[in-house]
Amino acid sequence: MIPVKATSRFLILWLGLALLNSFSADAEVYYVATNGNDSADGLSLSTPWLTLSKAAAVLQPGSTVYIRGGLYRDKIVPARGGNDANSRITYSAYNSEQVIVSGADIFTNWIQNTNTWKLPRTLSLELAPGRTNFVYRREMVIVDGKVLTAVDAYSKVGPGMFYVEGPAE
């Protein structure tokens with residue numbers, strides 16, 4: 001018969017080793033900051049990556065990335081997910097700093113055209129099904145904090161509205 005004290009030590013040692021083995025060998029902690037560099041290793045606060053997309057490409061199951069406060073205009077497409085509840089890929093604000101992730105683009109090359117403003121576009125935009133002149137996209141224009149309303153014809157543009165012109169025919 002094994003004494004209770006020896007059994008307890010064995011059980012504690014076994015639990016400790018089981019917990020240690022439950023962590024992925026690839027599990028790392030990384031950092032992203034608005035003053036970072038995607039050529040850095042991302043492994044410390046002094047060598048953070050610049051973009052969340054860099055983190056999404058590199059992170060392995062069990063990894064965590066701490067994101068410093070600021071605005072990130074990134075397209076985040078994770079290359080992989082976690083394997084299970086114990087080896088998730090975690091994105092977390094560093095030390096409760098405010099992190100904002102936005103897919104919005106800021107355009108500054110607007111041109112005034114009499115009483116309207118125009119933005120030169122070089123993108124090929126799809127037309128709405130069955131339409132020849134209205135671009136059907138999830139466009140949003142915000143001016144001085146006010147969201148403008150999309151209209152389907154230039155002739156309908158008025159205060160608080162915008163129109164997206166389709167490709168030339």
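The legends below describe an overview and six close-up views of a predicted model.

**Figure 1. Overview of the protein chain in the predicted model.** The chain has 169 residues, of which 21% count as buried. The protein chain contains 2 helices and 11 strands. In sequence order these elements follow the pattern α-β-α-β-β-β-β-β-β-β-β-β-β. Taking contacts between residues at least 6 apart in sequence, 44% join residues at least 24 apart.

**Figure 2. Model confidence and the N-terminal helix α1.** The mean pLDDT of the protein chain is 76, with 70% of its residues at 70 or more. Among the elements, β1 has the highest mean pLDDT, 98, and helix α1 (residues 4–22) the lowest, 42. The pLDDT is below 50 over residues 6–25, and this stretch has 2 contacts in the model beyond near neighbours in sequence. Where pLDDT is low, the predicted coordinates should not be read in detail.

**Figure 3. The largest nonpolar core, made up of 10 residues.** Its members are Tyr 30, Val 32, Trp 49, Leu 52, Ala 55, Leu 59, Val 65, Ile 67, Tyr 72 and Ile 89. Three elements, β1 (29–32), α2 (52–58) and β2 (64–67), each give two or more residues to this core. Tyr 72, one of the core residues, can be used to follow the packing. Leaving out residues up to four places away in sequence, Tyr 72 touches Val 32, Leu 52 and Ile 67, which also belong to the core. The other residues that Tyr 72 touches are Ala 33, Thr 34, Leu 50, Val 99, Ile 100, Val 101 and Ser 102.

**Figure 4. The aromatic cluster formed by Tyr 31, Tyr 66 and Tyr 94.** The structure has 4 aromatic pairs. In the pair of Tyr 31 and Tyr 94 the ring centres are 6.2 Å apart and the planes stand at 75°, so the pair is edge-to-face. Tyr 31 belongs to strand β1 and Tyr 94 to the loop between β4 (90–93) and β5 (99–101); this pair links parts of the chain 63 residues apart. Tyr 31 is buried, at 15% relative accessibility, whereas Tyr 94 is partly exposed, at 21%. Tyr 94 also pairs with Tyr 66: here the ring centres are 6.5 Å apart with the planes at 75°, so this pair too is edge-to-face. Tyr 66 lies in strand β2, 28 residues from Tyr 94 in sequence. Tyr 66 counts as partly exposed because its relative accessibility, 29%, falls between the 20% and 50% limits.

**Figure 5. The salt bridge between Glu 97 and Arg 68.** The structure holds 1 salt bridge. The closest N and O atoms of Glu 97 and Arg 68 are 2.8 Å apart. Glu 97 is in the loop between β4 and β5 and Arg 68 in the loop between β2 and β3, so the salt bridge ties together parts that are 29 residues apart in sequence. Glu 97 is partly exposed, with a relative accessible area of 23%. Arg 68 is likewise partly exposed, at 28% relative accessibility.

**Figure 6. Surroundings of Asp 41 in the loop between β1 and α2.** Asp 41 counts as partly exposed, with 42% relative accessibility. The side chain of Asp 41 makes a polar contact with the side chain of Thr 47 at 2.6 Å. A polar atom of the Asp 41 side chain also lies 2.9 Å from the backbone nitrogen of Leu 43. Neighbours within four places in sequence set aside, Asp 41 is in contact with Tyr 30, Thr 47 and Trp 49. Of these contacts, Tyr 30 and Trp 49 are members of the nonpolar core. Asp 41 and Tyr 30 are 11 residues apart along the chain, and their C-alpha atoms are separated by 8.3 Å.

**Figure 7. Surroundings of Ser 87 in the loop between β3 (70–72) and β4.** Ser 87 has a relative accessible area of 9% and is therefore buried, the limit being under 20%. The Ser 87 side chain reaches the backbone nitrogen of Asn 83 at 3.3 Å. Residues up to four places away in sequence not counted, Ser 87 touches Pro 61, Gly 62 and Gly 82.

Key
Residues are numbered from 1 along each chain as its sequence is written. This is a predicted model: local features need pLDDT of at least 70, side-chain atom pairs count only at pLDDT 80 or more; totals for chains, interfaces and linings use all residues. Side-chain values use heavy atoms; hydrogens and water are left out. A nonpolar core is a set of buried Ala, Val, Leu, Ile, Met, Phe, Trp, Tyr and Cys residues joined through side-chain atoms within 4.5 Å. Buried means under 20% relative accessible area, exposed over 50%, partly exposed in between (1.4 Å probe, protein chains only). Helices (H or I, at least four residues) and strands (E, at least two) are DSSP runs, numbered from the N terminus. Contact means heavy atoms within 4.5 Å. Rings of Phe, Tyr and Trp (its six-membered ring) pair if their centres lie within 6.5 Å; planes under 30 degrees apart count as stacked, over 60 as edge-to-face and the rest as tilted. A polar contact is a pair of N or O atoms within 3.5 Å; within protein, one must be able to donate a hydrogen and the other to accept it, and residues adjacent in sequence count only if both atoms are side-chain atoms. A salt bridge is a side-chain nitrogen of Lys or Arg within 4 Å of a carboxyl oxygen of Asp or Glu. pLDDT is the predictor's confidence in each residue, from 0 to 100.
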